[in-house]
Amino acid sequence: MSVVDTPDALEHFQFARCIAALRIEVSTGLKHSQGSMLKHVQNTYGIQSRTKKGALLDLEMKYKKIYGRRYGS
C-alpha cells in the first residue's frame, strides 16, 4: 500500500484521477456521479476543449508536458 502525503504526490494523484474518470466517460458513455468531469477539468486545469474526448486529449498532453511521460506508462 502506498501513502500519498506530499503536495506533489497529491496533485499528481488528482491529475491522474481526472484522466481516468474522463477516459471512463469517453469510452463507456457513463457520467461521473459527482458532477461534470468536463467542467471540473476545464475549471481546474484550464482545458479549453468543449467535448469530453477533446478534453481528454488535451489533459493527456498536459500530463506528458508536466511529468515527461505518457499517462499510464
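This report describes the fold, the helices and some single residues of one protein chain.

The model is predicted: local features need pLDDT of at least 70, side-chain atom pairs count only at pLDDT 80 or more, and totals for chains, interfaces and linings use all residues. Residues are numbered from 1 along each chain as its sequence is written, and side-chain values use heavy atoms, with hydrogens and water left out.

**Overall form**

The protein chain holds three helices and zero strands, in the order α-α-α along the sequence. Helices (H or I, at least four residues) and strands (E, at least two) are DSSP runs, numbered from the N terminus. For 73 residues, a compact globule would have a radius of gyration near 11 Å, and the 12 Å of the protein chain agrees with that. This radius is taken over C-alpha atoms, and the globule rule is 2.2 Å times the number of residues to the power 0.38. Along the principal axes, the C-alpha atoms fill a box of roughly 30 × 25 × 25 Å.

Of the 73 residues, 26% are buried. Buried means under 20% relative accessible area, exposed over 50%, and partly exposed in between (1.4 Å probe, protein chains only). Among contacts with a separation of 6 or more, 43% join residues 24 or more positions apart; a contact means heavy atoms within 4.5 Å.

**Helices α1 and α3**

The table sets out the length of two helices. The expected span is 1.5 Å times one less than the number of residues.

| Helix | Residues | Expected span | C-alpha end to end |
|---|---|---|---|
| α1 | 22 residues | 22 residues should span 32 Å | 32 Å |
| α3 | 16 residues (52–67) | 16 residues should span 22 Å | 22 Å |

In both rows the two spans agree.

The buried residues of α1 are F15, A16, C18, I19, A21, L22 and E25. Their cover includes α2 and α3. In α3, the buried residues are G54, A55, L56, L59 and Y63, and these pack against α1 (7–28) and α2 (37–45). An α-helix has 3.6 residues a turn, so residues three or four places apart point the same way.

A glycine follows each of these helices. Just after α1, G29 has a positive phi of about 85°; just after α3, G68 has a positive phi of about 75°.

**Y45, Q14 and Y71**

Y45 lies in helix α2. It is buried, with a relative accessible area of 14%. Leaving aside neighbours within four places in sequence, Y45 is in contact with Q14, F15, C18, L59 and K62. Y45 and G29 are 16 residues apart in sequence, and their C-alpha atoms are 22 Å apart in space.

Q14, one of the contacts of Y45, belongs to helix α1. Q14 is partly exposed, with a relative accessible area of 35%. From Q14 to M61 there are 47 residues in sequence and 16 Å in space, C-alpha to C-alpha.

Y71 sits in the segment after α3. Its relative accessibility is 19%, and Y71 therefore counts as buried. Not counting residues up to four places away in sequence, Y71 touches A16, I19, A20, R23 and Y63. Y71 and A20 are 51 residues apart along the chain, with their C-alpha atoms separated by 9.4 Å.
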